[in-house]
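Here's a friendly walk through a protein structure, going from the whole chain down to single residue pairs. Have a look at the picture, then read on.

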There are 2 protein chains.
Amino acid sequence: MQGAKTKVAILGFGTVGSSVARILLEGPAATELQLTHVFNRDVARKRASWVAHPATENPLVWTEDVEAILSSDVDIVVELAGGLDPAGSWVRRALEAGKSVVTANKKLIAVHGIALHRLARQHGAHLFFGAAVAGGIPVIPGLQQGLAGERVQRIEGILNGTCNYILSGMEAGGEYGPMLAEAQARGYAEADPTEDVGGFDARAKLVILSRLALRANVPLDAVRCRAITRLTAIDFDYARLLGCTVRQVSRAELGAAGEVTAMVGPMLVPLRSPLAWSRGTENMVLIGGEYGGDVVFSGYGAGGHPTAVAVVSDLLAIAHGSGAVELPSKEASVSSDLHLRHSVRFVVSDRPGIVAGIASALAREGVNIDALLQKPGHAKSSLPFVVTVEPCAGSALRRALAEVEQMDCLLEPPLEMEILESD
Amino acid sequence: MQGAKTKVAILGFGTVGSSVARILLEGPAATELQLTHVFNRDVARKRASWVAHPATENPLVWTEDVEAILSSDVDIVVELAGGLDPAGSWVRRALEAGKSVVTANKKLIAVHGIALHRLARQHGAHLFFGAAVAGGIPVIPGLQQGLAGERVQRIEGILNGTCNYILSGMEAGGEYGPMLAEAQARGYAEADPTEDVGGFDARAKLVILSRLALRANVPLDAVRCRAITRLTAIDFDYARLLGCTVRQVSRAELGAAGEVTAMVGPMLVPLRSPLAWSRGTENMVLIGGEYGGDVVFSGYGAGGHPTAVAVVSDLLAIAHGSGAVELPSKEASVSSDLHLRHSVRFVVSDRPGIVAGIASALAREGVNIDALLQKPGHAKSSLPFVVTVEPCAGSALRRALAEVEQMDCLLEPPLEMEILESD
């Protein structure tokens, strides 16, 4: 620690990469870590935008040649390129060369995390990924270090800042399209927002959390995702009637036999629940444990600086020889059949017999109606209403709804959402 | 890791100690950690109440002789006796014998933490104290691992579950005396509740957090404590008028020159702030960082099981060779002069000239009145009202109030509280 600084290379010099560089140069890590290499395509452009920074005093190598870094004396490689390829092969080769790796790449860790950890151990290197879930919120160190002794039974998270920005904006009166456009204008959402609004980004994070917290290996495509794209102001109106709001929730629960129920999608969240308190691009993770009850972490889950704090903290942990507590995880059978209350929103051209038709379809699948809500003020030609049902398997409900969809008075497919309980 | 289990002794077998034993025997640590010794005075009684547990299958030594443990081949000593003595000397001797120590002893760590860390390093041992602050909430690992790269500027915490139980109960309509009695009946408060309600318990935790988060060494007695004992239902009425509630807040902030402003006491917390969401014995810690913004941790800060989770997690970290990231902390000049808006509640026997007298005393100290609030329905012979003032140094306000106290119409000393801002 007192001798030479730990040498760090950054692969991928976008928003997060340049924040990492800034914190490495001016933050509490500056005395211990030295940024030596920056890799990016078209690196000259990146370098030009960096000129006025004190970094230029460093003997910093700017390169488009990743081989130059992998064969250098760099101690830790920070992988911020994202995606499975070529980032995955860079990470593998760095670990094989005995270099430790810090990555924010949730997809890579969700899909190949276990194999990469094995590789790291074989080569005496470390693999840290604190920035892969919930950016600046220390959920991963909190789980790996602080809750290692817990038996975690349940994870409920708001893991995608883009969806939370859109949905908390809709809660405040916005509509989906304009809120998405606003998120795109602010740089929170991509031109193609599918990864975020479809639930796929959050799903990769939920898979990582399930491994660390539930100690269960959950395959990515075993987790059902429901997009937030069909939500309208009406859904928030009805949510309020139920004492709830709507959030994109990533939920995983461990059953008595070690099976996992996991799902990502818009769900009704009681206004009393911490999950309802998240605003804008905030993230929140609730960890429910057998011994210690619920622990909640919240903060900014994305953005250059918060994510960079997680990366630099991982770098410091490696430099201080502070390995993660890695408890073994097991293969788990996975379903997305959350056994919860549900709400179903219908939009119909009103005529007699609709409710009877819905009720009998639900009854045939053993799903019990809890309440029927219909707010006044809508035209009969396009009438929204909501049916809430008692706790049931989502699959039974969906079978019933597939039948209901055959009714020609339905103007769009029913939209079902789980209703989370508050404690 | 694959070989012999790490041997653990527990010193102090009360609520937390027996929870630690239970989790060690049945939780995720059972394959790696072995409880070998339990020390307590009158240990036969403790042993008797433990009989039916599977622990008895273990070759477990129950002893009243701490020397037997310190001279044994135990790897890690868990100190749960509390207080400075004799716990401090046990911890020192364990470290000197090269044994690692896990402790929940906030006072010992607040007062002697730096020296004990030095001692641990000298003897190649570890000292972990994740349970000393906010029990089951992984704030300490979150700070040491997950926020090591952050520049933390501000800590705001609800660090005492007893006070939070009393104050959230008063928010719901209770009065101080009955709520304290209820807390005592439930085992949340001691017969002499001074440590909790006077702020001294929370202060030790704030000192520890300041060292880890602000990297500032704050002497315990440099931090002002104001008790919650004088609060009444009236204070919650007026808080609501201001869009706030009242919580015991522990707050420390780093100034531009490295100075620290720190204080513990009842403060007005905006209802929009996460701190207002804590209920019952919950704890909450807000860490405000330069790079990543605010991160909030919440959960159960006390009680046997949550505290034991933190202890067992520390044991696992040591067993896995996962040391804490220890960044150096500096001596800091400390004041308790929070420069914030304040509210002051007066109770007077009403007569002309009172407000004029208060206003001129405040004006002489350069304190500007913001608003005067007086709820109807109180008798003139015992009239409560509240004055809020613009941001000012607490010391200037207190000088002005010392002068106001000379007015013979005051039925009790004025009660001042800081008003925290919400973001």
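## The big picture

In chain A, 53% of the 423 residues are buried. Keep in mind that you're looking at a predicted model, not an experimental one. Chain A contains 14 helices and 19 strands. Its radius of gyration is 24 Å, close to the 22 Å the globule rule gives for 423 residues, so chain A is as compact as a globular protein of that length.

If you put a box around the C-alpha trace of chain A along its principal axes, the trace would span about 80 × 45 × 35 Å. Now think about who touches whom: among contacts in chain A with a separation of 6 or more, 75% join residues 24 or more positions apart.

## Three domains

Chain A splits into domain 1 (6-128), domain 2 (139-301 + 328-335) and domain 3 (340-419). Notice that domain 2 is written as two stretches of the chain. The centres of domain 1 and domain 3 of chain A, taken over C-alpha atoms, are 51 Å apart.

## A parallel sheet

Next, find the open sheet of 6 strands in chain A, which runs in the order β3-β2-β1-β4-β5-β6 with parallel pairing. At its edges are β3 (61-63) and β6 (127-128) of chain A, and each has a single partner strand, so one side of each has no neighbour in the sheet. As background, strands of a sheet pair through backbone hydrogen bonds, either parallel or antiparallel.

Let's zoom in on one edge. Strand β5 (residues 100-103) of chain A pairs with β6(A) in the parallel sense over 2 bridges, and there A:Val101 sits opposite A:Leu127 of β6(A). Helix α12 (residues 304-319) of chain A lies across β1 (6-11), β2 (33-39), β4 (76-79), β5 and β6 of chain A, and runs at about 160° to β5(A).

## Where the chains meet

Chain A also has a partner: 46 of its residues are in contact with 46 residues of chain B. On the side of chain A that touches chain B, α6 (139-146), β13 (293-300) and α12 of chain A each supply at least two residues. Helix α12(A) gives the most, with 9 residues. In terms of chemistry, that side of chain A divides into 25 nonpolar, 18 polar and 3 charged residues.

There's strand pairing between the chains, too. β13(A) pairs with strand β13 (residues 293-300) of chain B in the antiparallel sense over 3 bridges. To see it residue by residue, look for A:Ser298, which stands opposite B:Val296 in β13(B).

Terms used:
Residues numbered from 1 in each chain as written. Chains lettered and ligands numbered in written order. Predicted model: local features only at pLDDT ≥ 70, side-chain atom pairs only at ≥ 80, totals over all residues. Pairing = 2+ DSSP bridges. Helix = DSSP H or I, 4+ residues; strand = E, 2+ residues; numbered from the N terminus. Contact = placed C-beta atoms within 7 Å. Axes fitted to C-alpha atoms, helices over the stretch in contact; angles between N-to-C directions. Domains from an automatic or database assignment. Rg over C-alpha atoms; globule rule 2.2 N^0.38 Å. Buried ≥ 20, exposed ≤ 12 C-beta atoms within 10 Å, placed from the backbone. Nonpolar A, V, L, I, M, F, W, Y, C, P; charged D, E, K, R; others polar.
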